[in-house]
Number of protein chains: 2
Amino acid sequence: MLFSNHNPIGIFDSGVGGLTVFAEVKKLLPEESVFYLGDTARVPYGSKSVDVIRRYSLANVSMLAALGVKAVVIACNTASAVALSFVQQCFPNLEIIGVIDPVVNYLRTRPELKRIGVIGTNMTIASKAYQNALLKNDAELDIVAKSCPLFVPLVEEGLFEGEITEKIIDMYLSAMKAKPLDALILGCTHYPMLRKAVYDYFGGKVEILDTAFHTAKKLAEVLTENSALNCGQKEPDRFFVTDSPDSFRLTAELFLGRKIENVFHV
Amino acid sequence: MLFSNHNPIGIFDSGVGGLTVFAEVKKLLPEESVFYLGDTARVPYGSKSVDVIRRYSLANVSMLAALGVKAVVIACNTASAVALSFVQQCFPNLEIIGVIDPVVNYLRTRPELKRIGVIGTNMTIASKAYQNALLKNDAELDIVAKSCPLFVPLVEEGLFEGEITEKIIDMYLSAMKAKPLDALILGCTHYPMLRKAVYDYFGGKVEILDTAFHTAKKLAEVLTENSALNCGQKEPDRFFVTDSPDSFRLTAELFLGRKIENVFHV
């Protein structure tokens, strides 16, 4: 790591979803300033080829590095799945964390959790990124994966609860309810906004594993291990987007539940 | 028009939505062969800038022109709104039709329809393309516009009817139901898949204006006026996509309700 402790943390996502990671980082590390880059002109990454996603991810990390961040979180499941080790090789002196490994590694500490559900977008579930990483840790796990394509538009409409949301949750997760899970991984950065609705759907009997929370925890560990926590003055947080700042601001305020400032078009 | 009568018709859209136009064209003009171009690698257009949409639209029309089409339908609301006259200027010898004008012109023949609803994506409604075109024809119209962002993902999940669909329709259209409309324009190429559900929601009392149908009718008129209808042999239909043919094929079969062949990656 080549940085000063007061340098900001960089987070990038293809769009707004990574703001759930931003929120967890701010909760866990309130003394840190964060630069968030949303590649909103090129969202969604999920339907694009591996080469293209690597190229975009490299551009995003390069920009954050140029802004002087001390660590980068890739808050995008698709980019974490296919571009993490590639950008790590390109920036050997920068700590770069994805959203998949932290929750998978956490499960190593909870060997009693055997029947694990994973939900995400079509692309994330089809990539088997979570399933393969989980089985590599513990080949005995019983994994049930399900893509839930309506969850992202539901969240972007602000429908975090209510009858429509409950019925859509039931449509996707009734099979997981029929044969109870020990834990469910929310494998998409939008899904923490549905956390309470999903938790309630399972009657509070399934442990909900939020990748945003576990990623923020991993970041805190890495900064602590490297004596890199901020202990001095703090810059204001900044948001950089590749398309219209206005539409980003609207959705961002929905995600964060507060007004935001410092949104820049890049 | 520079073509032979047996040349195909070209249709392009940013993705799969334009297949509703494809279906109407095939219904109305069964003797014609159609080349469909879905720019699936760059979908959605709605969030992109005017310059970029014009550039993409020009590339799409150029490709269809190179394939020898005798006319082009822009089956994408965003591209119809911002790029139609631009590509018409670039290809003065090619008939190019968008999806907005045909339904607007149809309403000129139905002056008794005064209170008109328009539904579409966020971008289409915000662009006011339908609203402005309607008011240009008849400044006395009472227009109610509403964006329905969950309709596209609903359609792509195959949820054309049922409880979830009904509740989402009610969420968006209850205000239009409270003060009855004379007609409702489905201002998005995906929405004809919800036509029956929307019609039933209004108790069959609102005339549903399907842009896909009116666009196909306009195309038939243009071909007839130019004595350009096919009267000989017919090539097979072809589908060209800029991203994975497999995922296009899946959604296309959902839209068309039948197996499709001849899907090519370009």
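Start by selecting helix α11 of chain A in this predicted model: α11(A) has 12 residues, and the distance from its first C-alpha to its last is 16 Å, close to the 16 Å expected at 1.5 Å a residue. Within α11(A), colour A:F248, A:A252 and A:F255, which are buried. If you then turn the view to look down the axis of α11(A), these buried residues fall within an arc of 55 degrees, so they line one face of the helix. In general, an α-helix has 3.6 residues a turn, so residues three or four places apart point the same way. To see what this face meets, add α1, β2 (34-38), β9 (238-241) and β10 (263-265) of chain A, against which the buried residues of α11(A) pack. Just after the helix, stop at A:G257, where phi is positive, at about 65 degrees.

Next, colour chain A by domain: the assignment gives domain 1 as 9-99 + 213-265, and domain 2 as 101-210. The centres of these two domains of chain A, taken over C-alpha atoms, are separated by 22 Å. Where they meet, 22 residues of domain 1 are in contact with 20 residues of domain 2. On the domain 1 side, the elements that give two or more residues are α1 (19-28), α3 (77-90), α10 (211-225) and α11 (245-256) of chain A, so select these four helices together. The largest share of that side, five residues, comes from α10(A). Sorted by class, the side of domain 1 that touches domain 2 in chain A has eight nonpolar, 11 polar and three charged residues.

Staying in chain A, select A:I11, which is among the residues with the most contacts inside the largest nonpolar core, together with A:I74, B:I11 and B:I74. That core has 161 residues. Leaving aside neighbours within four places in sequence, the contacts of A:I11 include A:V21, A:F22 and A:V25, as well as A:V34, A:Y36 and A:V73.

Now show both chains and look at where they touch, a contact that takes 12 residues from chain B and 12 residues from chain A. On the side of chain B, α7 (151-156) and α8 (163-178) are the elements that give two or more residues, and α8(B) gives the most, with five residues. By class, this side of chain B has six nonpolar, one polar and five charged residues.

Move on to helix α1 of chain B, residues 19-28, which is mostly covered, with seven of its 10 residues buried. The buried residues are B:L19, B:T20, B:V21, B:F22, B:A23, B:E24 and B:V25. Display β1 (9-13), β2 (34-38), β3 (71-74), α10 (211-225) and α11 (245-256) of chain B around the helix, since the buried residues of α1(B) pack against these elements.

The last stop is B:N77, which has its place in helix α3 (residues 77-90) of chain B. Is B:N77 buried or exposed? B:N77 is buried, because 30 other C-beta atoms lie within 10 Å. Not counting residues up to four places away in sequence, B:N77 touches B:V99, B:I100, B:G120, B:T124, B:G187, B:C188 and B:T189. To finish, draw a distance from the C-alpha atom of B:N77 to that of B:E140, 63 residues apart along the chain, and the viewer should show a separation of 24 Å.

Technical notes. Residues are numbered from 1 along each chain as its sequence is written. Chains are lettered from A and ligands numbered from 1 in the order in which they are written. This is a predicted model: local features need pLDDT of at least 70, side-chain atom pairs count only at pLDDT 80 or more; totals for chains, interfaces and linings use all residues. A nonpolar core is a set of buried Ala, Val, Leu, Ile, Met, Phe, Trp, Tyr and Cys residues joined through C-beta atoms within 7 Å. A residue is buried if 20 or more other C-beta atoms lie within 10 Å of its own, exposed if 12 or fewer, and partly exposed in between; C-beta atoms are placed from the backbone. Two residues are in contact if their C-beta atoms, placed from the backbone, lie within 7 Å. Domain bounds come from an automatic or database domain assignment. Ala, Val, Leu, Ile, Met, Phe, Trp, Tyr, Cys and Pro count as nonpolar, Asp, Glu, Lys and Arg as charged, and the others, Gly among them, as polar. The expected span of a helix is 1.5 Å times one less than its number of residues. The arc is that of the directions from the helix axis to the C-beta atoms.
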